[in-house]
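Okay, thanks everyone, let me get the picture up. I'll start with the ligand and then walk through the sheets.

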Amino acid sequence: MFQITEVLKKVPFFQTLGRDGIDFIVERLKFKPYDANEVICKIGDPGDKMYIIISGQVKVVVTSEKDQEEKLIATLGAGDYFGEMSLLTGEPRSASVITTEPSEMFILHKSDFDVIIERFPSITLSMGKIMSQRLRDTLQKAANTPTSGIAPSVKGSLSERRLVEVLKFCESNSLNGKVVVTRGGETGECYYEKGELQKVILGNLSEDQALDTMLNWEDGEFIIEPRPIRMDESSAPPKQEPREERRLIIVNNSMVVQKMLQRAFESMGYEVYAVDNGAKALKMIQSMDPHLIICDTKLPDTNGSELLNSIRAIGQIPVVFLTDASSRAQYEPQLSAKGEVYFTNSQEVGEVVKVVENALSK
Ligand code: CMP
C-alpha cells in the first residue's frame, strides 16, 4: 500500500505546496493501474488529463508521419509526471506516452488542474521551467531523427526544408522565441510570440522585404530558438467578447503586413480575410460581402486606383488605403471622390486600427 501524500511529496512541483495544498490536490486525483505497453496518450490527440506516476515506467516517444518509426524522447518513473503540456498550452499532445511495465498512475482532469493552478499559481513556475526544458529536448531529439516527418528540426538546412515550412511549424507549435536564418554572411531573425510572427529583421531591409528575401532563400541554415517560459505569460489567449460581426478583407502583397493586421483585428473580434493580389480580392469581396477593405496602393497585378474602380462596380464598401505621407498626397486627390475612401498616414498597426474604426463608426 502506498501513502498518497508520500508519493506526492516526491513530485517536484508539489514540494513547494504545504500540507493544505497537497490535501487539496489529493482529493481530486483518480487512481488507475495500467498494464505494460498501454498507450496512455497519443501524439496529436487533444489532452484533457495529466498523469503522475506512482510506480512503474513509461516511455515518451514521437513517431514519424512517413514511416511510423518511433523515436524515444525520455523514460519517466515513479514521482515523474506527464501530460501537463497540453493542459498548460491547450495544444495537442506533443508526444505519445506508453507504459513499458505494469504501472500505477494518479490522473488529474483539466477542470481540476485549472482550479489548482488558480489556487496555487506557484505550480506554474516550476512546471513552466520543466515544460520549456522538455520542449527543447523533444525538438532536439526529433531533429536528430533522420526520417522524422513530425516537425522541422531545431536546426536544419533550408535546402531540405524551406523557410515557409519552418515558419508554419513555429506557428502551429505556438513558438515563443525566434528563428535565426543564415545564408552566406547574412543573418536574419523572425521573432514569435505564442506562434504569431512579431518582427522580422534582415540587415537594413524593411520587414516585408526581409521576409520576402528569406522566404526565397534556397540554401542556408535555420535554428529555432524557443525562449524559456516566463511567469507572466498566460497560456490562454486573451479572451475577447465577440463584438458586432464585422468582416474585413486585407489586400496586401506582404505576408508580414497581412499577419500584423490580421492578428490585431482578430484580437479585436473582427472576422478577417487576407489576400495578396487584386484578382483574389475581387473574388473574396463577392463571396464574403465585407464591411470594409484594407488595401495597399500597389499590388502585383494592379494598383489601388484600378482596384477601387473594380470594387465600386461591386458596391459601396468602404476602402482604407495603406499610405504614408507621400503616397497619400499622390492617391488622395484622385481617389477621394470615389465613395467612402480613407487613407492612413503610416502602416503602423495602431494607425490602421484607428482609421478603420473611425471609418466603420460613420
Ligand atoms: P503533453 O504534450 O500533454 O503529452 C505528451 C507528454 O509527454 C507531454 O505533455 C509531456 O508531459 C511529456 N513529454 C514531452 N516531451 C518530453 C520530454 N522531452 N521529456 C519528458 N517528457 C516529455
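So, which of the 15 residues around the ligand come nearest? Those are Gly 83, Glu 84, Arg 93, Ser 94 and Thr 138. Before I go on, keep in mind that this is a predicted model.

Let's stay with the ligand and look at some oxygen contacts. At Gly 83, a polar backbone atom sits 2.8 Å from an oxygen atom of the ligand. With Glu 84 we're on the side chain instead: an N or O atom there is 2.5 Å from a ligand oxygen. Then there's Ser 86, where a polar side-chain atom lies 2.8 Å from an oxygen atom of the ligand. And how much of the ligand does the protein cover? On its own the ligand has 460 Å² of accessible area, and the protein covers 98% of that.

Where does the shell come from? The elements giving two or more residues to it are β5, residues 70-77, α3, residues 84-89, and α5, residues 122-143. If you sort the shell by class, you get seven nonpolar, four polar and four charged residues.

Okay, on to the sheets. Here's one with four strands: it's open, antiparallel, and ordered β1-β8-β3-β6. At its edges are β1, residues 30-34, and β6, residues 81-82, each pairing on one side only. Zoom in on β1 and you'll find it paired with β8, residues 103-109, in the antiparallel sense over five bridges. Pro 33 is the one standing opposite Glu 104 in β8. Now, which helix lies across β1, β3 and β8? That's α4, residues 110-119, and it runs at about 70° to β8.

Next, please rotate to the other sheet I want to show. This one is open too, with five strands in the order β9-β13-β10-β11-β12 and antiparallel pairing. β9, residues 155-157, and β12, residues 196-202, are the edge strands, so to speak the ends of the row, with pairing on one side only for each. On average, neighbouring strands here are turned by 20° against each other, ignoring direction.

Inside that sheet, β10, residues 177-183, pairs with β13, residues 221-226, and there are six bridges in the antiparallel sense. For a landmark, take Val 180, which stands opposite Ile 223 in β13. This sheet has a helix across it as well: α7, residues 207-215, lies across β10, β11 and β12, and its angle to β12 is about 85°.

That's my tour, so over to you.

Notes. Residues are numbered from 1 along each chain as its sequence is written. This is a predicted model: local features need pLDDT of at least 70, side-chain atom pairs count only at pLDDT 80 or more; totals for chains, interfaces and linings use all residues. Side-chain values use heavy atoms; hydrogens and water are left out. Two strands pair if DSSP finds at least two bridges between them. Axes are lines fitted to C-alpha atoms, for helices over the stretch in contact, and angles run from 0 to 180 degrees between N-to-C directions. Contact means heavy atoms within 4.5 Å. A residue is near a molecule or strand if one of its heavy atoms lies within 4 Å of it. A polar contact is a pair of N or O atoms within 3.5 Å; within protein, one must be able to donate a hydrogen and the other to accept it, and residues adjacent in sequence count only if both atoms are side-chain atoms. Accessible areas come from the Shrake-Rupley method with a 1.4 Å probe; for residues, only the protein chains shown count as cover. Ala, Val, Leu, Ile, Met, Phe, Trp, Tyr, Cys and Pro count as nonpolar, Asp, Glu, Lys and Arg as charged, and the others, Gly among them, as polar.
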